[in-house]
Amino acid sequence: MTEYTKKIESLAINGGTNEIFYNSCESHALIVLINLVKNADTYIKSICGNMCSEVSNNPEYVESVRSFLNGNKTRKFQILFDKYDISFQSRPIAKTLAMFPNQVEIRKLKSGYIKYNDKPVHITVSDDRAFRFETDIEKKMAWGNFNNPKQGKAIAKVFDHFFDNRYSERVPLIDTVC
């Protein structure tokens with residue numbers, strides 16, 4: 001286990017620490033996202049490209065999503081794509097999400113990207129307190145916090161604004177599980 005993994009797990013599990021973390025590569029993004037999912041209690045909201053990446057389809061990430069949704073039938077996972085790709089439907093993460101049609105809602109932006117400082121961003125927020133804010137989507141550079149209710153609520157509010165029908169449209173999940 002790397003020092004980075006130990007630090008992120010400690011911040012995620014303790015939950016009482018209001019401390020900023022950073023990630024600067026794909027492997028760090030995976031560590032952070034797995035811990036966001038593993039430590040979520042009620043909801044996860046994510047603005048992302050298309051979930052066709054190795055991060056989104058990493059077996060450990062997919063299993064953490066499955067465990068989150070299996071853990072309680074009231075848990076919700078909402079996803080907003082800014083670059084929807086139909087090939088998403090055949091990916092492991094899509095197959096897992098399709099198993100939970102009452103808990104998962106997926107939409108895609110009608111046009112454009114969500115921007116911060118005039119650059120596209122991706123975000124994941126859970127439980128009005130934990131979040132990852134990706135400011136460079138190509139290099140997977142991000143910052144976040146596992147216990148900052150003020151910023152977590154503000155980010156969730158931004159998500160909800162764009163998840164609205166005016167800005168996005170529903171993406172049906174095709175249940176391909178036999």
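Colleague: Is Glu19 buried, partly exposed or exposed?

Modeller: Glu19 is partly exposed, at a relative accessible area of 30%. Keep in mind that this is a predicted model. Buried means under 20% and exposed means over 50%, with partly exposed in between.

Colleague: Which residue does Glu19 meet in a salt bridge?

Modeller: Look for a side-chain nitrogen of Lys or Arg within 4 Å of a carboxyl oxygen of Asp or Glu. Here the partner is Lys7, with N to O at 2.9 Å. Lys7 is partly exposed as well, at 41% relative accessibility.

Colleague: What does the pair tie together?

Modeller: Place each partner on the secondary structure. Lys7 belongs to helix H1, residues 3–14. Glu19 sits in the loop between H1 and strand E1, residues 20–23. The two are 12 residues apart in sequence, so their salt bridge ties together those parts.

Colleague: How many salt bridges does the whole structure hold?

Modeller: The search finds 11. One of them joins Glu105 and Arg107, at 3.8 Å from N to O. Check the burial of each partner. Glu105 is partly exposed at 32% relative accessibility, while Arg107 is buried at 6%.

Colleague: What about Asp164 and Arg166?

Modeller: They form a salt bridge too, with the closest N and O atoms 3.0 Å apart. Asp164 is partly exposed at 31%. Arg166 is exposed at 57%. Elsewhere, salt bridges that share partners link Asp41, Asp127 and Arg129 into one network.

Colleague: How many positive and negative side chains are there?

Modeller: There are 25 positive and 21 negative ones. Compare the centres of the two sets as well. They lie 3 Å apart.

Colleague: Let us step back to the fold. How many helices and strands does the protein have?

Modeller: Five helices and 10 strands. For overall form, set the radius of gyration against the globule rule. The radius is 15 Å, close to the 16 Å that the rule gives for 178 residues, so the protein is as compact as a globular protein of that length. Its C-alpha atoms fill a box of roughly 40 × 40 × 30 Å along the principal axes.

Colleague: What share of the residues is buried?

Modeller: Buried residues account for 49% of the 178. The surface is the other side of the picture. About 9,100 Å² is exposed, and carbon and sulfur atoms supply 51% of that.

Colleague: How should I read contacts along the sequence?

Modeller: Ask how far apart the partners are in the chain. Take contacts between residues at least 6 apart in sequence: 73% of them join residues at least 24 apart.

Colleague: Show me a buried residue. Where does Val32 lie?

Modeller: Val32 is in helix H2, residues 26–38. Its relative accessible area is 0%, so it counts as buried. Now list its contacts, leaving aside neighbours within four places in sequence. They are Tyr4, Ile8, Phe21, Asn23, Arg132 and Phe146.

Colleague: And Gln78, buried or exposed?

Modeller: Buried, at 18% relative accessibility. Gln78 is found in strand E3, residues 76–81. Beyond four places in sequence, Gln78 touches Ile44, Lys45, Ser46, Glu105, Phe159, Asp160 and Phe163. You met Glu105 above, in the salt bridge with Arg107.

Colleague: Which residues does Trp143 touch?

Modeller: Outside four places in sequence, its contacts include Ile20, Phe21, Tyr22, Phe131 and Arg132. Phe133, Thr135 and Gln151 are also among them. Phe21 and Arg132 are in contact with Val32 too. Trp143 lies in strand E9, residues 141–145, and is partly exposed at 22%.

Colleague: How far is Trp143 from Asp160?

Modeller: Give both distances. The two are 17 residues apart in sequence and 20 Å apart in space, C-alpha to C-alpha.

Colleague: Last topic, the backbone. What should I look for in phi?

Modeller: Start from the general pattern. Most residues other than glycine have a negative phi. Then look for positive values. Asp118 has a phi of about 65° although it is not a glycine. Lys140 has a positive phi near 60°.

Colleague: Where do Asp118 and Lys140 lie?

Modeller: Asp118 is in the loop between strand E5 (115–116) and strand E6 (119–120). Lys140 is in the loop between strand E8 (130–136) and E9. Their burial classes are worth checking. Asp118 is exposed at 66%, whereas Lys140 is buried at 18%.

Key. Residues numbered from 1 in each chain as written. Predicted model: local features only at pLDDT ≥ 70, side-chain atom pairs only at ≥ 80, totals over all residues. Heavy atoms only, no water. Helix = DSSP H or I, 4+ residues; strand = E, 2+ residues; numbered from the N terminus. Rg over C-alpha atoms; globule rule 2.2 N^0.38 Å. Buried < 20%, exposed > 50% of the residue type's maximum accessible area, 1.4 Å probe, protein only. Contact = heavy atoms within 4.5 Å. Areas by Shrake-Rupley, 256 points an atom, 1.4 Å probe, with all protein chains shown as cover. Lys, Arg positive; Asp, Glu negative; His and termini not counted. Charge placed at Lys NZ, Arg CZ, Asp CG, Glu CD.
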